[in-house]
Amino acid sequence: MLILMVAVMHVGLSYAQPTRLNAQEHHALMQQNLIAYNKLIPQIMNVVDSSLVLNQLLNKESDLDAMMADGWDEQWLETYSTKNPKDTFAIDVKEHCIPVPGHVTSAYGWRWGRMHKGIDLKLYVGDTVRAAFTGKISTTAYQARGYGYYVKIRHINGLETVYGHLSRILVKPNQVVKAGDPIALGGNTGRSTGPHLHFETKLMGMTINPAEIFDFKNQVAHTDTYMFYKKKQQNSAVNSYATHRIKSGESLSTIARKYRTTVTQLCRLNGIKSNKILRVGSVIRVR
């Protein structure tokens, strides 16, 4: 433990040392320090007294309840009411853990005619999935035509995270977990085309692109504090895409002409090929 603390102090001190490096070299050094520190986080969190974490949770619980009391539902994924969310909210993401080390296989956003509300990370069946932040397990359940086996965690920083398509759940509701604690094993359950982790980040029912919080390539958070802006999030949800419901006799060509775009663009937006047969009543993205 002493060696670990010395290592942590060494990483922390490297930020404070005076330097004559140019801006580019300084940025590279900071990035290296962040990556090194992130690798130490699971070890650091393992030596934290769980009673201290529990006390921290209890102290934060009243603040979370005051902010999110309306609409809290232990059974469904749409957990928080968005009736009166705060306009601006600072989210502390300093103590974090990337759930799995795999690369991004599918980004947040419009996909296959519907909104993909999370990000998909590569894994193999049986890989360990870890809690992104310290918090309390709110839901463990199974959804056959959606998330498969999934875990939902309510965090002391105000966020909620969802982990889907799991093969085995290792935690239970109301259990306190620390950032980096194992919560499940990766899988391919539910509506899934292959083994991966579906990972969501939410605040008061509004989904946030996890890539805005995490640098998945380097396995670190972009900053210690993520600023949530309600207006920006609402505008992003409304203006990020437009859709069209397929009518009888329509083709990609006729739809492209109607919206002054191209078949190639429609295919790119919807992840389809130009020879796809359009089903009447289905919805596709047009911008």
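This passage walks through a predicted model, from its paired strands to its cores, a few buried loop residues and one helix.

Strand β7 is a handy place to start. Covering residues 135-143, β7 runs antiparallel to β8, residues 148-155, and eight bridges join the two. To get from β7 to β8, the chain makes a hairpin through four residues. One pairing to look for here is Thr139, whose bridge partner in β8 is Lys152. β7 also pairs with β10, a strand made of residues 176-177; this pairing is antiparallel too and rests on two bridges. Here Lys136 has Val176 of β10 as its bridge partner.

Next comes the nonpolar interior. The largest nonpolar core holds 34 residues, and the ones touching the most other members are Ile91, Val129, Tyr163, Ile183, Leu197, Phe214 and Phe228. Plenty of strands chip in: β1, β5, β8, β9, β11, β12, β13 and β16 each supply at least two residues of this core. The largest share, three residues, is the work of β12. Leu197 is worth a closer look. Setting aside neighbours within four places in sequence, Leu197 is in contact with Pro99, Val100, Ile119, Asp120, Leu121, Leu123, Val129, Tyr163, Gly164 and Leu166. There is also a second, separate core, this one of ten residues, with Ala256, Leu266, Leu278 and Val286 among them.

Loops can hold buried residues as well, and Phe216 shows how. Phe216 lies in the loop between β14 (214-215) and β15 (220-221). Its relative accessible area is just 8%, so Phe216 counts as buried. Not counting residues up to four places away in sequence, Phe216 touches Ile98, Val104, Ile119, Leu121, Phe199, Pro210 and Ala211. The fold also brings in Gly102: although Phe216 and Gly102 are 114 residues apart along the chain, their C-alpha atoms are separated by 8.3 Å.

Thr189 tells a similar story in another loop, the one between β11 (182-186) and β12 (196-203). Is Thr189 buried or exposed? With the cut-off for buried set at under 20%, Thr189 counts as buried because its relative accessibility is 17%. A polar atom of the Thr189 side chain sits 2.8 Å from the backbone oxygen of Leu166. Leu166 is also one of the residues in contact with Thr189 once neighbours within four places in sequence are left aside; the others are Tyr142, Gly146, Tyr147, Gly148, Tyr149, His165 and Ser167.

Then there are the cysteines. A disulfide is a covalent bond between the sulfur atoms of two cysteines. How many disulfides does a search of the whole structure find? The count is zero. Two cysteines can still be placed: Cys97 is buried, at 7% relative accessibility, and Cys267 is buried too, with a relative accessible area of 11%.

Cys267 leads on to helix α7, residues 263-270, where Leu266, Cys267, Leu269 and Asn270 are buried. These four cover an arc of only 165 degrees around the axis, so they end up on the same side of α7. Thr264 and Arg268, on the other side of α7, are exposed. Just past the end of α7 comes Gly271, with a positive phi of about 65 degrees.

Key:
Residues are numbered from 1 along each chain as its sequence is written. This is a predicted model: local features need pLDDT of at least 70, side-chain atom pairs count only at pLDDT 80 or more; totals for chains, interfaces and linings use all residues. Side-chain values use heavy atoms; hydrogens and water are left out. Buried means under 20% relative accessible area, exposed over 50%, partly exposed in between (1.4 Å probe, protein chains only). A polar contact is a pair of N or O atoms within 3.5 Å; within protein, one must be able to donate a hydrogen and the other to accept it, and residues adjacent in sequence count only if both atoms are side-chain atoms. Contact means heavy atoms within 4.5 Å. Two strands pair if DSSP finds at least two bridges between them. A nonpolar core is a set of buried Ala, Val, Leu, Ile, Met, Phe, Trp, Tyr and Cys residues joined through side-chain atoms within 4.5 Å. A disulfide is a pair of cysteine sulfur atoms within 2.5 Å. The arc is that of the directions from the helix axis to the C-beta atoms.
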